[in-house]
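These are my notebook entries on a single structure. I record below what I looked up, taking strand pairing and individual residues in turn.

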Amino acid sequence: MRIARFSIDGNVAFGAVEGDKPDELVLDIIKGIPFADFELSGTKVPVSKVRLLPPVLPNKVVAFGRNYAEHAKELGNEVPDAPFAFFKPATSVIGPGDEIQYPSFSQELHHEAELAVVIGRMCREVPRDRVKDVIFGYTCANDVTARDVQRREKQWARAKGFDTSCPLGPWVETDLDPSDLTIQLTVNGAQRQLGRTSEMIHSIEDLIVNITEAMTLLPGDVILTGTPAGVGPLTVGDEVAVTIEGIGTLTNKVIKRG
């Protein structure tokens, strides 16, 4: 099931996305919230009549770096022996169609297409064989990075945590095998990144076991699983699109922050 979060007439709701053709998609509005038992209301509204929002509002976004060998290589980094985590704050999250604001303190903004895992229940110290039980679903993400700031500053908080640096969407797919999906990214229609989730160094199970050894994850929290090779610059006016097999396409435009 595809679960979207949207606004219409000033109200925010969740809905199940139905249909296959982009111009014929409809939302069956959900009674309640998707992280608990819910029912479909039967009240349907065309996706074209609503504004899609970030599919979740995470308490935290835990991101893992250098989880694809070729990406680590292209930036001159060694592959870490263990999962390498950092955070993006909730204020960095935007949704499909929202604008990525080019930060005033950077001259080198990069795109990073990623598979995002959405957590479905509160969990801590999750054993490997129970990881699937805590996953709500999967969505597309763009770990937008101020690359010059990342190189210059030892901590990545500003480079990867600035406002609008974490586009998510367009919805959460709850029924998906994430082990070997195509991830691609285009800028103004030209392909920049192309990879497969099977190229991850550390699996989704590895990542969730690793982070829940240290902290509690809450429903709606997001795990970013790393980016394949091909990261590169974004400029004001660019339209960047992340497409993941079985999920859909997340599109955002870069504007000048002002």
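Entry 1. I worked from a predicted model. I began with a pair of valines and noted that Val 187 stands opposite Val 240, the latter in β19. I then looked up the strands involved: β15 covers residues 182-187 and β19 covers residues 239-244. The two run antiparallel and are joined by five bridges.

Entry 2. I next asked in what order the strands of this open sheet follow one another. I read the order as β9-β20-β19-β15-β16, five strands with mixed pairing. At the edges I found β9 (99-102) and β16 (190-196); each has a single partner strand, so one side of each lacks a neighbour in the sheet. For the turn between neighbouring strands of this sheet, direction ignored, I noted an average of 20°.

Entry 3. I moved to Pro 103, which I located in the loop between β9 and β10. Is Pro 103 buried or exposed? I entered Pro 103 as buried, because its relative accessible area is 1%, and the cut-off for buried is under 20%. Leaving aside neighbours within four places in sequence, I listed Leu 109, Phe 162 and Arg 257 as the residues in contact with Pro 103. I also looked up Pro 103 against Arg 158: the two are 55 residues apart in sequence, and their C-alpha atoms are 9.8 Å apart in space.

Entry 4. I followed the chain to β10 (109-111). I found β10 in an open sheet of three strands, ordered β13-β10-β18, with antiparallel pairing. Here β13 (145-146) and β18 (232-234) are the edge strands, each pairing on one side only. Between β10 and β13 I noted two bridges. I identified Thr 145 in β13 as the bridge partner of His 110.

Entry 5. I closed with Arg 2, which I placed in strand β1 (residues 2-8). Which side chain of opposite charge is nearest to Arg 2, and how far away is it? I found Asp 20, at 4.6 Å. A salt bridge needs a nitrogen-to-oxygen distance within 4 Å, and I recorded Arg 2 as buried yet without a salt bridge. I did find that the Arg 2 side chain reaches the backbone oxygen of Gly 19, at 2.5 Å. Not counting residues up to four places away in sequence, I noted that Arg 2 touches several residues, among them Gly 15, Val 17, Glu 18, Leu 25, Trp 171 and Glu 173.

Technical notes
Residues are numbered from 1 along each chain as its sequence is written. This is a predicted model: local features need pLDDT of at least 70, side-chain atom pairs count only at pLDDT 80 or more; totals for chains, interfaces and linings use all residues. Side-chain values use heavy atoms; hydrogens and water are left out. Helices (H or I, at least four residues) and strands (E, at least two) are DSSP runs, numbered from the N terminus. Buried means under 20% relative accessible area, exposed over 50%, partly exposed in between (1.4 Å probe, protein chains only). Lys and Arg count as positive and Asp and Glu as negative; His and the chain ends are not counted. A polar contact is a pair of N or O atoms within 3.5 Å; within protein, one must be able to donate a hydrogen and the other to accept it, and residues adjacent in sequence count only if both atoms are side-chain atoms. Contact means heavy atoms within 4.5 Å. Two strands pair if DSSP finds at least two bridges between them. Axes are lines fitted to C-alpha atoms, for helices over the stretch in contact, and angles run from 0 to 180 degrees between N-to-C directions.
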